[in-house]
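Morning, everyone. Let me put the structure up, and then we will walk through the aromatic rings.

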Amino acid sequence: MQDLPLDQVRTLLAVVDEGTFDAAAAALHVTPSAVSQRVKSLEQRTGRVLLLRTRPVRPTESGEVLVRLARQVARLERDAYAELGLSGAGEPTRVSIAVNADSLAIWFLDALVRLPARSRLCFELRREDESHTAALLREGTVMAAVTSSPDPVPGCSVRRLGTMRYLPVACPEFAAELLTEPLEESVAAAPVVVLDRRDDFQDGFVRRLTGGRTGASTLRHYVPTSEGFAEAVAAGLGWGMVPEAQAAPLLRAGRVVVFAPGREADAPLYWQQWKLNSPALAAVADAVMETAARALRP
């Protein structure tokens, strides 16, 4: 296959980011027909359909590979300009990262503040469930992610961060009234707090407790922030799996109790990032690894 023309690859990225051929043309200061021709030429060169002509436009699986390439090339170009002192306007370096809500609330920000302000890094954080953050890496939307998968996304490296422990807790009154023996029956019927519709952590806990017979109750409350989730459980809205670090002060204050001792759940976390020789990304990775070593279980 011939070399991939970078102007065509960049045009593909513009179409994906802008959502339509017309919007990409405006962003690139060319005509819509020029955009269409570049994408068509790139598809002919690769022998693959790269875009689904929907509104907004979406990349195919092959298109995602080239979108990721375009973002990586752009990152390397910015790093090279900075090292050569050609960054002109002094534009800061933007680092996009996908991170799960609990890590974001408990320890991840501590890693970012370790980086000196003079490094001129701007962070674009995408909150996503740890089992889904790898998809954002695969699409090329982010440069790095906290994930639950030890299997590297193509073009990425992976390192283990540690384990986050979750405790099954509820407020004392809720537990005394609704989480009675036999526990496997009462917990499956009791109101439950979940983070969002992708959060199946509570369902997994009940499935383990019941031998896979059922998940958590359909009487569930969606609370989309980590802090709000823990507070909703402490307030008696339902039971939930709360990270150990957040549960500890609530337990000391008597606001929650562990209703199933010895049934805690451990979630391993990994750091995945593009395989790029990027000083900015390397600095972020070092700070994340050092912070995770202190904040997470081995």
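Keep in mind that this is a predicted model. We start with the rings. How many aromatic pairs does the count come to? The count is six aromatic pairs.

Take one of them. F205 and W239 form a tilted pair. Their ring centres are 5.6 Å apart, with 55° between the planes. Why quote two values? A pair of aromatic rings is described by the distance of the centres and the angle of the planes.

Now find these two in the chain. F205 is in helix α9, residues 201-210. W239 is in the loop between α10, residues 226-234, and β9, residues 240-243. That puts them 34 residues apart, so this pair links distant parts of the chain.

Are these two buried or exposed? F205 has a relative accessible area of 2%. The cut-off for buried is under 20%, so F205 is buried. W239 comes out at 0%, so W239 is buried too.

Stay with W239. Which ring does W239 also pair with, edge-to-face? The partner is F259. Here the centres are 5.7 Å apart and the planes are at 80°. F259 lies in the loop between β10, residues 257-258, and β11, residues 265-274. W239 is in the loop between α10 and β9, so this pair ties together parts 20 residues apart in sequence. F259 has 11% relative accessibility, so F259 counts as buried.

Next, a residue that touches both of these rings. V169 is in strand β6, residues 156-170. What does V169 touch, leaving out residues up to four places away in sequence? The list is V233, W239, G240, V242, V256, V257, V258 and F259. V169 is at 1% relative accessibility, so V169 counts as buried. Look at V242 on that list. V169 and V242 are 73 residues apart in sequence. In space their C-alpha atoms are 6.8 Å apart.

Now for an exposed residue. E173 sits in helix α7, residues 172-178. Its relative accessibility is 57%. The exposed class begins over 50%, so E173 counts as exposed. E173 also has a distant partner in sequence, G236. The two are 63 residues apart along the chain, and their C-alpha atoms are separated by 7.6 Å.

Two more ring features. W107, F108 and W271 form one aromatic cluster. And the charged end of R197 sits over the ring of Y222, 4.1 Å from the ring centre.

Let's zoom out to the whole protein. There are 12 helices and 11 strands. The C-alpha trace spans about 70 × 40 × 30 Å along its principal axes. Of the 298 residues, 47% are buried.

What about contacts across the sequence? Count contacts between residues at least 6 apart. Of those, 73% join residues at least 24 apart.

Last, surface and charge. The accessible surface comes to about 14,700 Å². Carbon and sulfur atoms hold 51% of that. There are 34 positive and 36 negative charges, and their mean positions are 5 Å apart.

If you take one residue away, take W239. W239 is buried, pairs with F205, pairs with F259, and is touched by V169. Thanks, and over to you.

Technical notes:
Residues numbered from 1 in each chain as written. Predicted model: local features only at pLDDT ≥ 70, side-chain atom pairs only at ≥ 80, totals over all residues. Heavy atoms only, no water. Helix = DSSP H or I, 4+ residues; strand = E, 2+ residues; numbered from the N terminus. Buried < 20%, exposed > 50% of the residue type's maximum accessible area, 1.4 Å probe, protein only. Contact = heavy atoms within 4.5 Å. Areas by Shrake-Rupley, 256 points an atom, 1.4 Å probe, with all protein chains shown as cover. Lys, Arg positive; Asp, Glu negative; His and termini not counted. Charge placed at Lys NZ, Arg CZ, Asp CG, Glu CD. Phe/Tyr/Trp six-rings, centres within 6.5 Å; stacked < 30°, edge-to-face > 60°. Lys NZ or Arg CZ within 6 Å of the ring centre and 35° of its normal.
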